[in-house]
Amino acid sequence: MLVPVLVSLLYQEWYSGLSFLIAAGITAFVGGLAYKLCEDAPEPKRHHAMIVAALGWAATAFFGALPFVIAAYITPPAVLESFVPAGAGYQSSLLYFQNPLHAFFESMSGYTTTGLTMSVREPSVGRGFLWYRSQMQWIGGAGMIVLSLAILRQPHGTAGISLYQSEARNEKLRPSIAGTARAIWKVYVGITALVAVYLATATFLVAPNYGIEPTIFDAVNHAMTGQSTGGFSTLDDSIAGYGSYAMELVHIPAMITGAISIPVYYGVLSKRDIREFTSDPQVRTMFGLFVVGVIGLTAFLARWVGVPYNGGPVGYVGRVVTSQAFRDGLFQFISASSTTGWQTSAIGDWNSGAVMFIVLGAMLFGGSAGATVGGIKILRGYIIGRGINWEVSRVFLPEHAIDDLRIGQQVFKADEANDEIRAAATFAFAYLVLLGLSLFVLLAVLPQEFTLADAIFEVATAQGTVGLSSGITGPGMPVVAEILFIVQMWMGRLEIIPVLVMINSIFRR
């Protein structure tokens, strides 16, 4: 919280800076006390690591909410009014955080890189809190546990491995877990810096009148929330706030870089071979899904906005490509598939077909395993698909034929292949069960103006840590729905299992 203090002081937001200092002091005191109490604890086993991960993320979100609550109460009304852009007819969104549940929601959404927000008017929270929201997502993207393994005192042996894997990470880039964690952070920081430079340069070229300070501030913040696939923005109405098709196109690469697996970047850098990108099955599948998905979503939206069919198929395709349907379909499908959640369209106004297409075609699977994305992950979908094809193909093989399964560059024996397929299918089933249960809970409390498609979209966006919204999420949403989304974001970020292990351990007692 010390960096947001400096940002607040830089912009002379004294009360925001004080809020971060108070919250940092409380967090440091409780953290130091907990460290002393647990200093002599035995080395954790695998189920302990799962519980630590689940409780750790919940505690991180709890203490991360403190600055919002403190600032909402100590900031004078006149100062709050100064945060609101000139001529705007609304109050500062910081006032919503006088409700601690809203603050906890915002913090959980930040650290889980979801992007759903209670800051309905983002610029009105001040520069310090805009930075803090971006920083939460950036830290949450690579993971709090990976961060702790990289820079704090490292657990040794199986304890470090268990803590690392409990955060839904299995890739080892270096021989030790601590070395792997440091490698992840080096790659992550480097890509974020490059994306920030790219966004700043592109903005200077595309929108030269935007201003030097806001260009740099937006570029750094959007680099953090883009690379983390978090989706918080410094603008009102997210990227739509620029009011520019060119600026929307500028931000598409910033979403794609976050959806690519960090080990792929590491492979490119360590081997100095760009073909690591093209040889990775997740990258190939992801770009294939982008092409098919953008065309499919555009088709649904073109029918919705009513692009007229006349003058032959060539003329129709030309009108579609230059229409609002293609503009929305291109940006929103990539935003949903990468689970970034930047928004440029009022999804709540879409027809049900377009809403369900983006849920099933993008949000459900998300991006690459090993990236900062949510959802089931492309790799699991790829394994399940290859597994189905493998099972069908085995029927036609001779009795004693070798029936190995190739997944990407790896070849698995029959037993190993069955284990990989079982693990992927089990998680996918658990994910869908949680999604279905969440939908029933939401439907029980949802206001009548929202449709079934809206409800499906919102539970999918929360659990997949996407952050797009059909309009349900906001300070006025039912309390039960707000708590539901908090739980979904928490479980979705940790890929469900650590939370189930924690619940199982409670009942085992």
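Let's start with confidence: this is a predicted model, and the chain has a mean pLDDT of 86, with 88% of its residues at 70 or more. Confidence peaks in helix 4 (residues 66-74), where the mean is 97, and is lowest in helix 9 (residues 158-165), with a mean of 42. Across residues 147-169 the pLDDT falls below 50, and in the model this stretch makes 62 contacts beyond near neighbours in sequence.

Now let's walk along helix 11. Helix 11 covers residues 212-227, and at 1.5 Å a residue its 16 residues should span 22 Å; the C-alpha atoms at its ends are 22 Å apart, so the expected and modelled spans agree. Helix 11 is also mostly covered, since twelve of its 16 residues are buried. Among them are Pro214, Phe217, Ala219, His222 and Met224, and the buried set also includes Thr225, Gly226 and Gln227.

Just past this helix, the backbone deserves a look. Helix 11 is followed by Thr229, which sits in the loop leading to helix 12 (245-259). Thr229 is not a glycine, yet its phi is positive, at about 50°. Is Thr229 buried or exposed? Its relative accessibility is 0%, so Thr229 counts as buried.

Further along the chain, Arg272 makes a good companion to visit. Arg272 lies in the loop between helix 13 (262-271) and helix 14 (275-279). Arg272 likewise has a positive phi of about 50° without being a glycine. Its surroundings are another matter: Arg272 has a relative accessible area of 74% and is therefore exposed, whereas Thr229 is buried at 0%.

Key:
Residues numbered from 1 in each chain as written. Predicted model: local features only at pLDDT ≥ 70, side-chain atom pairs only at ≥ 80, totals over all residues. Heavy atoms only, no water. Helix = DSSP H or I, 4+ residues; strand = E, 2+ residues; numbered from the N terminus. Expected span 1.5 Å × (residues − 1). Buried < 20%, exposed > 50% of the residue type's maximum accessible area, 1.4 Å probe, protein only. pLDDT = per-residue confidence, 0-100. Contact = heavy atoms within 4.5 Å.
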